[in-house]
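Visitor: I should be grateful for a close look at a single part of this model. Please describe its surroundings first and then set it beside other parts of the fold.

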Amino acid sequence: MATFTLNRMHLLCRNTHCRSFFAGFIQRAQLSTLESVRNNEQCKLEYLGGENNGIAVISMNRPEARNALGKQFLREFADCTNVVKFDKNLRVVILRSLVKGVFCAGADLKERAKMTNEETGPFVAGLRASVSEVANLPMPVVAAIDGFALGGGLEVALACDIRVSSDDAKMGLVETRLAIIPGGGGTQRLARAIGPAKAKELIFAARVFTGKEAAEMGVVNHSVEQNSDGDAAYQRALKLGQEILPQGPVALRAAKFAINRGSEVDIASGLSFEEAGYSQVINTKDRLEGLSAFKEKRPPRFSGE
């Protein structure tokens with residue numbers, strides 16, 4: 001929360017001294033958070049190098065509970081998203097699991113069973129906020145689904161911009177089996193992804209479907225044959241990340257903003273969001289670099305400025 005407030009103040013500053021002042025505070029807040037992330041047990045953050053420089057990977061790693069969304073897990077997950085949110089050097093974030101055969105099994109029902117009614121509401125609200133933080137990350141986010149993604153697990157994946165699954169992955173919003181409904185944005189994001197009628201069918205029936213079926217319905221962008229290491233979706237997500245890496249980072253963020261906001265309103269209002277996004281790239285160094293690179297017939301060297 002502190003880094004969010006500082007970031008807004010930084011953006012509102014009108015002069016160089018003011019922006020520099022708040023930028024220093026933001027950098028220190030980020031470093032502090034990054035240091036704490038290094039000690040995470042259930043949700044880890046890695047910055048890739050080499051040809052994958054500019055890609056960050058958030059890895060879920062709670063094997064004893066199949067990456068169930070418990071209190072500690074959500075705290076560590078929030079720390080990871082908070083770090084990448086403010087890193088302008090990142091072009092792509094990939095969300096994956098280190099637990100073979102599992103993406104995320106959803107809510108931690110053993111932990112949930114111990115909660116009172118008064119505790120359950122705020123916890124679900126916090127879970128919903130954590131999922132929304134994924135959707136609100138400024139850079140493209142790719143979900144690599146190499147196993148079960150049920151309930152809240154699928155909701156986390158639906159918050160990502162692009163989803164890749166292994167063909168044998170199992171997915172579903174199955175909450176109605178427990179006499180509840182999806183509470184992490186699933187009723188809204190699934191309906192927007194595949195249409196209300198199909199979303200209703202899947203949620204009403206608590207249907208579990210494969211990665212291949214998910215691709216046919218439009219729940220995921222790509223379904224790939226699983227490999228012996230159990231990370232075929234992650235490998236495909238890396239290739240997608242490599243395709244995105246060369247593009248202008250400011251343009252990527254502006255395009256995501258325009259698509260996300262525009263898809264929720266009428267076309268006229270959507271075009272206004274597109275205009276607002278385009279205005280953000282006009283005065284950038286990257287736009288001039290792109291024009292120079294095109295003229296000189298060389299690859300552009302974008303700086304994110």
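Guide: In this predicted model, Leu98 is in contact with Lys44, Ser59, Met60 and Asn61, leaving aside its neighbours within four places in sequence. Leu98 belongs to the loop between strand S3 (92–97) and strand S4 (101–104). Of these partners, Ser59 lies 39 residues from Leu98 along the chain, yet the two C-alpha atoms are separated by 6.1 Å. Leu98 counts as partly exposed, because its relative accessibility is 42%, and buried would require under 20%.

Helix H5 (residues 117–135) offers a second view of burial. Its 19 residues should span 27 Å at 1.5 Å a residue, and the end C-alpha atoms are 28 Å apart, which agrees. Within H5, the buried residues are Phe123, Val124, Leu127, Ser130, Val131, Val134 and Ala135. They lie on the same side of H5, because they cover an arc of only 155 degrees around the axis. The exposed residues Glu118 and Pro122 are carried on the face of H5 turned away from that buried side. The packing partners of the buried residues of H5 are H3, helix H4 (109–113), strand S5 (141–145), helix H6 (152–158), helix H7 (186–194) and helix H11 (249–262).

As for the nonpolar cores, the largest has 49 residues, of which Phe103, Ile145, Met171, Leu190 and Val219 touch the most other members. Helix H3 (residues 71–85) supplies the largest share of this core, six residues. Another core, of 17 residues, lies apart from it and includes Ile55, Ile162, Ala233 and Ile244.

Key:
Residues are numbered from 1 along each chain as its sequence is written. This is a predicted model: local features need pLDDT of at least 70, side-chain atom pairs count only at pLDDT 80 or more; totals for chains, interfaces and linings use all residues. Side-chain values use heavy atoms; hydrogens and water are left out. A nonpolar core is a set of buried Ala, Val, Leu, Ile, Met, Phe, Trp, Tyr and Cys residues joined through side-chain atoms within 4.5 Å. Buried means under 20% relative accessible area, exposed over 50%, partly exposed in between (1.4 Å probe, protein chains only). Helices (H or I, at least four residues) and strands (E, at least two) are DSSP runs, numbered from the N terminus. Contact means heavy atoms within 4.5 Å. The expected span of a helix is 1.5 Å times one less than its number of residues. The arc is that of the directions from the helix axis to the C-beta atoms.
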